[in-house]
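Thanks for coming, everyone. I would like to walk you through one structure today, going from a loop to the bound ligands and then to the chain as a whole, so please have the view open in front of you.

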Amino acid sequence: PIDPNFEENRELVDEHNGHDVWGPVEEPEQLGIHGTHVAVDFDICLADGACLEDCPVDVFEWVDSPGHPESEIKADPANEAQCIDCMLCVDVCPVDAIDVDAG
Ligand code: SF4
Ligand code: F3S
Ligand code: ZN
């Protein structure tokens, strides 16, 4: 599962679509965590799609990840500022790739 303490345990290495990227990143095999309030561990996401289907405010968008061992697309928290902390995405992701900091 995603490390809920990633902000302490990882380094901020990049920005993507207006959100943070937490390393390590070594493309294409290692992509890190995208987002901060709504964080998706791209190295765990296997493109199940439940988060995109169920998020009531459309926080997620698909992005391509060709060459990644788990999946060739990832759920990117493109609109994380719209999150209403319902925690649905956290509950439905089968591999626990998502952390929402509702505190
Ligand atoms: Fe969307 Fe709810 Fe997840 Fe926020 S917690 S990203 S509103 S499903
Ligand atoms: Fe990925 Fe989990 Fe969403 S596997 S597509 S983050 S439901
Ligand atoms: Zn991103």
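P28 sits in the loop between β2 and β3, and I start there because the model, which I should say at once is a predicted one, places a cis peptide bond from E27 to P28, with omega near 5 degrees. In that loop between β2 and β3 we also find P24, and the peptide bond leading from G23 to P24 is likewise cis, with omega near 0 degrees. E27, which belongs to the loop between β2 and β3 as well, has a relative accessibility of 64% and therefore counts as exposed. If you follow E27 across the model, you will find that its C-alpha is 8.4 Å from that of G67, although the two residues are 40 apart in sequence.

Let me turn to the zinc ion, which is ligand 3. Which protein atoms are its donors? They are ND1 of H16, NE2 of H19, ND1 of H34 and an OD atom of D76, and they lie 1.9 to 2.1 Å from the ion. The angles among the 4 donor atoms run from 98 to 119 degrees, and the site is tetrahedral. H19 belongs to strand β2, residues 19-22, and H34 to strand β3, residues 33-34, so this pair ties together parts of the chain that are 15 residues apart in sequence. Are H19 and H34 buried or exposed? Both of them are buried. For those who like to read a site from the sequence, the donor residues follow the spacing H-x2-H-x14-H-x41-D.

Strand β2 comes up again when we look at aromatic contacts, where a search of the whole structure finds 1 pair. The ring centres of F6 and W22 are 5.5 Å apart and the ring planes are at 75 degrees, so the pair is edge-to-face. Here too distant parts of the chain are linked, since F6 is in helix α1, residues 6-9, while W22 is in strand β2, 16 residues away. F6 and W22 are both buried.

Next come the other two ligands. Around ligand 1 there are 14 residues, of which C55, C83, C86, M87 and C89 come nearest, and by class this shell holds 13 nonpolar residues, no polar ones and 1 charged one. M87 deserves a second look, as its phi is near 70 degrees, a positive value in a residue other than glycine. M87 is placed in the loop between β6 and α3, and with 27% relative accessibility it counts as partly exposed. The shell around ligand 2 includes C45, C51, W62 and C93, and its residues divide into 10 nonpolar, 1 polar and 1 charged.

A positive phi, near 50 degrees, is also found at D96, in the loop between α3 and β7, and this residue is partly exposed at 41% relative accessibility.

Finally, the chain as a whole: its secondary structure comes to 3 helices and 7 strands, in the order α-β-β-β-β-α-β-β-α-β along the sequence. The radius of gyration is 12 Å, close to the 13 Å that the globule rule gives for 103 residues, so the chain is as compact as a globular protein of that length. Its C-alpha trace spans about 30 × 25 × 25 Å along the principal axes, and buried residues make up 39% of the 103 residues.

Conventions: Residues are numbered from 1 along each chain as its sequence is written. Chains are lettered from A and ligands numbered from 1 in the order in which they are written. This is a predicted model: local features need pLDDT of at least 70, side-chain atom pairs count only at pLDDT 80 or more; totals for chains, interfaces and linings use all residues. Side-chain values use heavy atoms; hydrogens and water are left out. A residue is near a molecule or strand if one of its heavy atoms lies within 4 Å of it. Ala, Val, Leu, Ile, Met, Phe, Trp, Tyr, Cys and Pro count as nonpolar, Asp, Glu, Lys and Arg as charged, and the others, Gly among them, as polar. Donors are N, O and S atoms within 2.8 Å of the metal (3.2 Å for Na, K and Ca); water is not among the atoms, so sites may look incomplete. Four donors count as tetrahedral if all angles lie between 85 and 135 degrees; four count as square planar and six as octahedral if opposite donors are over 155 degrees apart and all others between 65 and 115; anything else is irregular. Helices (H or I, at least four residues) and strands (E, at least two) are DSSP runs, numbered from the N terminus. Buried means under 20% relative accessible area, exposed over 50%, partly exposed in between (1.4 Å probe, protein chains only). Rings of Phe, Tyr and Trp (its six-membered ring) pair if their centres lie within 6.5 Å; planes under 30 degrees apart count as stacked, over 60 as edge-to-face and the rest as tilted. The radius of gyration is taken over C-alpha atoms; the globule rule is 2.2 Å times the number of residues to the power 0.38.
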